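Here are my notes on the model, point by point. Please read them alongside the coordinates.

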Number of protein chains: 2
Amino acid sequence: MNSKIAGLLLTVTTICFGQNNPNQTAHQMIDFVNPMIGTHKMGHTFPGATTPFGMVQLSPETNNVNMFADGKYNPDTYKYCAGYQYDDTTIFGFSHTHFSGTGHADLGDFLIMPTTGKLQLNPGKANEPGSGYFSTFSHTTEVAKPAYYKVQLDSYNIKAELTASDRVGYHQYTFPKSDSAHILLDLMYNIYNYDDKNTWVFVRVENDSTVTGYRQTNGWGRTRTVYFAMQFSKPFASYGHKKYDKTPYKGFYGRFNEEENFPEMAGKNIRAYFNFKTDDNEKIGVKFALSSVSTAGALLNLKTEIPGWNFEKTKQESQQKWNKELAKVTVETTTPAEKETFYTALYHTMLGPILYEDADGNYRGLDQNIHQSEGFTNYTVFSLWDTYRALHPLFNIIQPKRNNDMIKSMLAHHDQSVHKMLPVWSHYANENWCMIGYHSIAVIADAIAKNTTDIDLNRALTAGKNTVTVPYFDGLDSYMQLGYVPENKSGNSVSKTLEFAYDDWCIAQIAKKANATKDYETFTKRSENYKNVYDPFIGYMRPKLSDGKWRENFDPLDTHGQGFIEGNALNYGLYVPHKIDDMIEMMGGKNKFSNHLDQIFTIKLADKYIEKNEDITRDGIIGSYVHGNEPGHHIPYLYNWTNKPWKTQERVRMIMNTMYSNSIDGLCGNDDAGQMSAWYIFSALGFYPVLPGSDQYAIGSPMVKAATLQLENGKTLKIKTVNQAPENVYVQKVTLNGNEIDRNYLLHSEVYNNSEITFYLSSKPKR
Amino acid sequence: MNSKIAGLLLTVTTICFGQNNPNQTAHQMIDFVNPMIGTHKMGHTFPGATTPFGMVQLSPETNNVNMFADGKYNPDTYKYCAGYQYDDTTIFGFSHTHFSGTGHADLGDFLIMPTTGKLQLNPGKANEPGSGYFSTFSHTTEVAKPAYYKVQLDSYNIKAELTASDRVGYHQYTFPKSDSAHILLDLMYNIYNYDDKNTWVFVRVENDSTVTGYRQTNGWGRTRTVYFAMQFSKPFASYGHKKYDKTPYKGFYGRFNEEENFPEMAGKNIRAYFNFKTDDNEKIGVKFALSSVSTAGALLNLKTEIPGWNFEKTKQESQQKWNKELAKVTVETTTPAEKETFYTALYHTMLGPILYEDADGNYRGLDQNIHQSEGFTNYTVFSLWDTYRALHPLFNIIQPKRNNDMIKSMLAHHDQSVHKMLPVWSHYANENWCMIGYHSIAVIADAIAKNTTDIDLNRALTAGKNTVTVPYFDGLDSYMQLGYVPENKSGNSVSKTLEFAYDDWCIAQIAKKANATKDYETFTKRSENYKNVYDPFIGYMRPKLSDGKWRENFDPLDTHGQGFIEGNALNYGLYVPHKIDDMIEMMGGKNKFSNHLDQIFTIKLADKYIEKNEDITRDGIIGSYVHGNEPGHHIPYLYNWTNKPWKTQERVRMIMNTMYSNSIDGLCGNDDAGQMSAWYIFSALGFYPVLPGSDQYAIGSPMVKAATLQLENGKTLKIKTVNQAPENVYVQKVTLNGNEIDRNYLLHSEVYNNSEITFYLSSKPKR
């Protein structure tokens, strides 16, 4: 499909969108998305309903391995980071918050489960039929679309449908005839559940169909509070709850029967239920709004976004939001499968960061105070060690306004931070400090380099400088003193040194734009620190001790305990994106470096090197190249800096073909909040941001036949190919508006423009 | 002292109040107050610093019996309801929130303790010297005045001084020379401490002298959150904290040394410390602001109320607030001791309810949302089963504007209540449901009867009706069906029936004023329900079962398990204040009733009847009359309804003389949030509100020689006596503005006026 047709289709679907049009055959953009991709194995995506960047992400939970493990870590927890695994045959309910693709589990707030028959409040065990409220289900009844999810709960003969607006989940349950129908609200369920994760739960039954409350948890997000307002389309006949606290709060002097029809519930571990009588095929709707501020905020969100009871209308409005976002990129592919892979990847780039403010602009800040987002929209869920690499650069092309809001959210986080630090990993008004570095700086530098932000340069510079000079942060004091992080003071020291040095370069770029010459010089100098961890004798980056000696017993292939986090010296040791030429020189020149890259892709990484590492699995590995994790995402493009750019073209096509697909296990590792998918989108379009913070994209080899990007500045980028075919992975020449370019990079000003970029492809490399 | 002199003195003290006036000899009103009264035995008052009705009540903690009792109830907890017992010789620190005189323990938020030498974070045990951070002290170094407390901490040679503004505690510690001085912030300390009482604690070290945070607890107040902002007058040299959680939160990947100089602390059980080097006699000030809203609110309160660092200025300003409030009543007494007893009682009537909003009018409501107090000032701590009897009626004379604000706070509570109930016991944005009935209604009816409130009558009526018709409340469904609470359905059934019936009468009075005839009739009828629990065969109120039969095995003297709460049939059975004549008739007429009253005061209540009851102690008993607890507070005045009013005069003087004094054990039982003291103030002035909700006061026998009340309407009530002497307890006649009155009650319109009421006293009763 060429872009004109795609544009036309969008217009058509917009016009013919009414539910009463049985003849509608035109495709919508959402038809190219399959949210099931990545739900098998380690993609850690979820199939449920959400809007683009929506605050509510309402999705089924098949997680059952993880209830009350006596506080001990259950290794299967990792498997359930998004609450759903395609292998499972049981559903425990539908909860409203999820991370997409992360390598650490959290959220799962407010599990709703409809049942019939004898009231069961215990979730039960999947392998013991009837042991709890869970239901069996079959994938044959399952439909997963953007903003829509449907499944038949076989144990109860209930059809469950889900949709969502930005801040409100909308459940629609079609019951059989029953005198004993229930909708459960399990406030104990958490993704990554353990004893004592809930710090407090508070519920008010405001009237016969409205319930409000909040839950506070601690864990990955240390002090997380989520407020809710819940509304049923039909008054419940009765309700109640049970507490599962070891020493439940008893404050009522035994004066009430708290457990039944008493409109207040409080404690740490509570499961509530609402009883109904239903006719056959009776639909009961549940609207469930979230807020970070208060129950009043949740009620506001509920009333503002979904005032009525028209499930189809909400679904269609939210699907139109998806159509609009997805239509920003229209592609023509060789196969339908590639199109589905592409659009699902694009979909996955819009599940995080998420909106994090109420309809009135109030949100909970990092200081736990309530703030008003003045002049921006507030976002959270910044998994920055992952997403600065390609996701935020992608936003600078297709979501620049939103990315600017995200940057302003980061600056607000800095202002609210007691450390005066930009986010490392922003997590629902918490800093969870996950992974290394402080890559907000890269995101900001990238937007400044690409001229997509209107933030004050001095404010950005100050925030960056504050961030990179906090002495107690993660080896930073030693880094500032010695020019490297010593392994004996702070683990994963080489990774830290490399990422710190890159971030220093980013600050230097901001300083340059702000005409802060001294800062520019200081941080340019700091950005050379990568050299301090290179051992020229062995030819690898290597952990150094505080006395200046290299760490002994060093194995450059091991991904564990060798100075690198989620990587080894072979891969992660190449992370000097800001000084690639210098690094290549340091490592012995282009040929030697090119051989090093070849080694990576051809020598099989032994099992022993990866078995201790959850984030690196065999599925995501080519030779020793680990695509399933981030530190190597730039590596295939590094051939561009050698004399063999054709190897980049070959490798990126190979990676796209083998590490991504439109099947349920179509992601070779955690999608990591969209970074893996963003890598794919860029690579499929033929270029990649090897160095965020610069205005350059390394040229690869496009997978698409053609693409059209509708840019927010009103311009249109057209990407075309000549001779596109699976075997024609090599780029013979690239023309920009008809003129051949004699370099292997594109500039942002060329991409973010009325440009036509044409890739001439061939089955033979241009050596 | 007559009122002119008192007025003059106030003027003089106002003028000469500068700290640099060494010749100042004139008394201030605060000089007549001794906050130590009631700190011995069961008065449960605290000696610390606060303003009238202030949000911060900063007081020493001698409580040491109660740390981590494995969740089990420690009977000594009751002793430490206010955190301080005069017997103790050790101080564990100074905390910012206290209840005055309650019979249940809670609060004790944010314990500050200055120490020197080796850092100790464990509080230790009082009987093991050096086992913790506590200090020994001697009462000889102690000074307790309104808004000022001073003590020498002998273990560290530190002088501790405390004062407070409305929302900010101000500590001033004079240290010896030390290289190792510490100020501890113990966030684990609670009055009524137990494992798991803290649900969450969050602390931010904002800079080298400012700390913010909050603590959430559950317990008597189910979901209580108190925010703080703390400022030191001198930057600390270093700081740190330790967590005492069983499974402490570990979220930082071991990346930080969280324990030292790391500016965030979070968990359930935390003790923080701040280190200083001090010169000899160096003073370090600590300002500690509270908020129910947020740390931003606490910072606002801090900056608004105490911007500078002048301890003496804050102390003097707050003491002037006390002088102003205390000067509303000037009395002349027979002895200085009586004056001290009187003014300390008056002081104790102004320690609750307390202000509960920030400087900008924001406060946390019962629904946990943040509200703005529009058109009123918000208050909390309504211990209404106690305080509706005499404390709020007293406010209707000397604090009507504040009482009106309290009523508006109660209505706001109703509006925020999921039950749509007026407060039973309002407790820091919580309803703790303590004790029986719903006596906000009495407070509102009383203010309406006395014309001291501007609330809308229909709003009050609706709130009242909502409150008394909640079917699941405490036996109310049966009460509505059967006309009494059946003992087999809901314990303490007779007390409940009597208090419900009285509250029904109060609603009827509101309905009458609102011209709601039907409601008036309905609730007048309900108010007769007291008759349904009177057993004419035995001549006592008696618990009845749901089948209409009397409960067997009934003992009218036992205070436990006989249908009465904190009382017995002999005493509590007389609680029909709204129909005293009818009750007397029902019980056999005036003579028989008078004999019943005589019995109460003369027959000794056997130990076995009171030993199970914390709230009834031998100290507070005359015969079988229990003055140390509320249900009998009207009893001495009931002789007025017989032919022997002189016995009322005799008894009230006896009670004032034996149950109150100016010594440390000068309260015969819990002051109960000011109710015991309010009884004293009324009785000392010669009259008492036997029936709140009416405009009548029963005449007793004044203890004062003379009194002048400066009323808020600009008028002045003068009370005079002729022949006042300890033995002249009998009233021969009472004149109102020179005219003898031929009744034994006064009207509010007579009291709240430019009146002169003269009591002619004699040693012989007027029979």
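1. A term first: contact here means heavy atoms within 4.5 Å. The model is a predicted one, and the points below should be read with that in mind.

2. Confidence. The predictor assigns the complex an ipTM of 0.94 and a pTM of 0.95. In chain A the average pLDDT is 93, and 94% of the residues score at least 70. Residues 1-24 of chain A are a weak stretch: pLDDT stays under 50 there. For these residues the model has 32 contacts beyond four places in sequence. Where pLDDT is low, the predicted coordinates should not be read in detail.

3. Helices α9 and α11 of chain A. Helix α9(A) covers residues 457-467 and helix α11(A) covers residues 493-513. They pack with their axes 9 Å apart, at an angle of about 150°. Angles over 145 degrees count as roughly antiparallel, so α9(A) is roughly antiparallel to α11(A). Their crossing is left-handed. On the α9(A) side the contact uses A:L457, A:A460, A:L461, A:G464 and A:K465; on the α11(A) side it uses A:I507, A:I510, A:A511 and A:K513. Sorted by class, these are 6 nonpolar, 1 polar and 2 charged residues.

4. Helices α8 and α9 of chain A. Which way does α8(A) run relative to α9(A), roughly parallel or roughly antiparallel? Helix α8(A), residues 440-449, packs on α9(A) at an angle of about 155°, with the axes 10 Å apart. The two are therefore roughly antiparallel to each other. This crossing is left-handed. From α8(A), the residues in contact are A:I441, A:I444 and A:I448; from α9(A), they are A:L457, A:A460, A:G464 and A:T467. The set divides into 5 nonpolar, 2 polar and no charged residues. A:L457, A:A460 and A:G464 belong to this contact, and they also appear in the contact of α9(A) with α11(A).

5. Helices α6 and α17 of chain A. Here α6(A), residues 391-398, meets α17(A), residues 675-685, at an angle of about 50° with axes 8 Å apart. At that angle α6(A) is oblique to α17(A). The crossing is left-handed. A:L391, A:P393, A:L394 and A:I397 of α6(A) make the contact with A:Q675, A:A678, A:I681 and A:F682 of α17(A). By class there are 7 nonpolar residues, 1 polar and no charged.

6. A sheet in chain B. How many strands form the open sheet that includes β19 and β35 of chain B? There are 6, in the order β19-β32-β33-β37-β34-β35, and the pairing is mixed. The edge strands are β19 (329-332) and β35 (739-740), each of which pairs on one side only. Within the sheet, β32 (residues 706-710) and β33 (residues 716-722) of chain B run antiparallel and are joined by 5 bridges. B:A707 has B:I719 of β33(B) as its bridge partner.

7. A sheet in chain A. Three strands make an open antiparallel sheet in the order β30-β31-β36. β30 (687-688) and β36 (745-747) stand at the edges with a single partner strand each, so one side of each has no neighbour in the sheet. Strand β31(A), residues 696-699, is joined to β36(A) by 3 bridges, and the two run antiparallel. One position to inspect is A:Y697, whose bridge partner in β36(A) is A:L746.

8. Backbone geometry. Most residues other than glycine have a negative phi, and most peptide bonds are trans. Three places in the model deserve a look on that account. A cis peptide bond joins A:G352 to A:P353, with omega about -10°. A:P353 sits in the loop between α4 (336-348) and β20 (354-355) of chain A. In chain B, the peptide bond from B:G352 to B:P353 is cis, with omega near -10°, and B:P353 lies in the loop between α4 (336-348) and β20 (354-355) of chain B. A:N281, which is not a glycine, has a positive phi of about 65°. This residue is in the loop between β17 (270-278) and β18 (282-291) of chain A.

Terms used:
Residues numbered from 1 in each chain as written. Chains lettered and ligands numbered in written order. Predicted model: local features only at pLDDT ≥ 70, side-chain atom pairs only at ≥ 80, totals over all residues. Heavy atoms only, no water. Pairing = 2+ DSSP bridges. Helix = DSSP H or I, 4+ residues; strand = E, 2+ residues; numbered from the N terminus. Axes fitted to C-alpha atoms, helices over the stretch in contact; angles between N-to-C directions. Parallel < 35°, antiparallel > 145°, perpendicular 65-115°, else oblique. Left-handed = near helix turned anticlockwise from the far one by under 90°. Nonpolar A, V, L, I, M, F, W, Y, C, P; charged D, E, K, R; others polar. pLDDT = per-residue confidence, 0-100.
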